[in-house]
Amino acid sequence: MWNETIIRMVGVGILETLYMVFLSSFVAYLIGLPLGVILVVTDKDGIAPCPMLNKILGVIVNIVRSIPFIILLISVMPFTRFVVGTTIGSNAVVVPLILASAPYIARLVESSLKEVDQGVIEAAQSMGATTSQIIWKVLLPEAKPSLIIGSVIAITTILGYSAMAGFVGGGGLGDIAIRYGYYRKETDIAFITVILMVIIVQVIQELGASWMKHTDKRLH
């Protein structure tokens with residue numbers, strides 16, 4: 001069973017999984033991070049309140065977050081085909097992964113920024129700091145440890161989403177587990193893919209925890 005072809009297939013599956021997870025995480029953060037900042041800044045108690053904008057963005061984020069990933073994956077297939085030219089393979093999965101993850105990341109960022117001590121923000125305002133200065137020099141630096149932990153949670157969640165994409169031929173370890181473990185009943189291959197995904201999650205969590213410890217001023 002474990003011949004060279006199978007081993008090569010699992011190796012490719014690992015690379016495809018890492019490619020899908022980290023590319024979609026990167027792009028989702030490019031969208032979700034500023035979106036989360038806007039949600040905090042425009043809140044009624046924020047540094048630049050704008051209730052209408054905050055409400056609209058909040059509703060959009062909540063609607064997208066409430067859609068199960070497998071349903072979103074199928075629903076956006078026409079858009080995925082328009083963007084990458086196909087609905088099969090790792091490149092195609094990146095599109096729905098980004099759409100599903102960006103709102104989730106926005107809420108994680110919002111939660112992290114709201115943990116920042118209000119006194120620090122008020123001190124910056126009393127010294128005449130502008131909104132952008134407060135964002136870049138107070139909010140984001142002060143929330144950095146929490147943002148790092150949030151990024152670990154987001155990446156591991158996206159990893160789980162990528163496995164579900166195997167049901168539509170998305171590639172990666174999830175695709176291998178479904179094709180061999182579910183359809184062909186070759187449980188040993190499915191078991192190995194699960195173990196590999198657990199290892200990937202553990203490595204991500206350990207790297208994130210180590211990074212957080214180096215950036216948390218309270219631990220120095």
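## Lys55 and helix 2

Lys55 lies in helix 2, which spans residues 51–65. The model is predicted. In it, Lys55 is exposed, with a relative accessible area of 57%. That value counts as exposed because the cut-off is over 50%.

Asp43 is a useful reference point for Lys55. The two residues are twelve apart in sequence. Their C-alpha atoms are 8.6 Å apart in space.

## The chain as a whole

The secondary structure comes to ten helices and zero strands. Read along the sequence, the pattern is α-α-α-α-α-α-α-α-α-α. The C-alpha atoms fill a box of roughly 70 × 45 × 25 Å along the principal axes.

The chain has 220 residues, and 45% of them count as buried. About 11900 Å² is exposed. Carbon and sulfur atoms supply 68% of that area. Contacts can also be sorted by sequence separation. Among those between residues at least 6 apart, 71% join residues at least 24 apart.

## Helix 1 against helix 7

Helix 1 covers residues 4–41, and helix 7 covers residues 131–142. Their axes come within 12 Å and cross at roughly 110°. That angle makes helix 1 roughly perpendicular to helix 7. The reason is the cut-off: angles of 65 to 115 degrees count as roughly perpendicular.

Which residues meet here? From helix 1 come Leu33, Val37 and Val41. From helix 7 come Thr131, Ile135 and Leu140. By type, the contact has five nonpolar residues, one polar residue and no charged residue.

## Helix 10 and its buried residues

Helix 10 runs over residues 187–215 and has 29 residues. From its first C-alpha to its last, helix 10 reaches 42 Å. This is close to the 42 Å expected at 1.5 Å a residue.

Which residues of helix 10 are buried? The list opens with Ile189, Ala190, Thr193, Met197 and Ile200. It continues with Val201, Ile204, Gly208, Met212 and Thr215. What do the buried residues of helix 10 pack against? Their partners are helix 1, helix 8 (144–164) and helix 9 (172–183).

## Ala177 in helix 9

Ala177 sits in helix 9. Neighbours within four places in sequence are left aside here. On that basis, Ala177 is in contact with Tyr182, Ala190 and Thr193. Ala190 and Thr193 are among the buried residues of helix 10.

Val27 gives a distance for comparison. Ala177 and Val27 are 150 residues apart along the chain. Their C-alpha atoms are separated by 26 Å.

## The loop between helix 9 and helix 10

Lys185 is found in the loop between helix 9 and helix 10. Is Lys185 buried or exposed? Lys185 is exposed, with a relative accessible area of 61%.

The backbone deserves a look too. Phi of Lys185 is near 60°, a positive value in a residue other than glycine. Most residues other than glycine have a negative phi.

## The loop between helix 1 and helix 2

Asp45 is placed in the loop between helix 1 and helix 2. Asp45 is exposed, with a relative accessible area of 54%.

How are Asp45 and Asp188 placed along the chain and in space? They are 143 residues apart along the chain. Their C-alpha atoms are separated by 54 Å.

## Thr80 in helix 4

Thr80 belongs to helix 4, residues 77–84. Thr80 is buried, with a relative accessible area of 4%. The cut-off for buried is under 20%, so Thr80 qualifies.

What does Thr80 touch, not counting residues up to four places away in sequence? Gly85, Thr86 and Thr87 are among its contacts. Ala92, Val95 and Pro96 are also touched by Thr80.

## Ala123 in helix 6

Ala123 is in helix 6, which spans residues 118–126. Ala123 is partly exposed, with a relative accessible area of 35%. Partly exposed is the class between buried, under 20%, and exposed, over 50%.

Val138 is 15 residues from Ala123 in sequence. From C-alpha to C-alpha, the two are 10.0 Å apart in space.

Key:
Residues numbered from 1 in each chain as written. Predicted model: local features only at pLDDT ≥ 70, side-chain atom pairs only at ≥ 80, totals over all residues. Heavy atoms only, no water. Axes fitted to C-alpha atoms, helices over the stretch in contact; angles between N-to-C directions. Helix = DSSP H or I, 4+ residues; strand = E, 2+ residues; numbered from the N terminus. Parallel < 35°, antiparallel > 145°, perpendicular 65-115°, else oblique. Contact = heavy atoms within 4.5 Å. Nonpolar A, V, L, I, M, F, W, Y, C, P; charged D, E, K, R; others polar. Expected span 1.5 Å × (residues − 1). Buried < 20%, exposed > 50% of the residue type's maximum accessible area, 1.4 Å probe, protein only. Areas by Shrake-Rupley, 256 points an atom, 1.4 Å probe, with all protein chains shown as cover.
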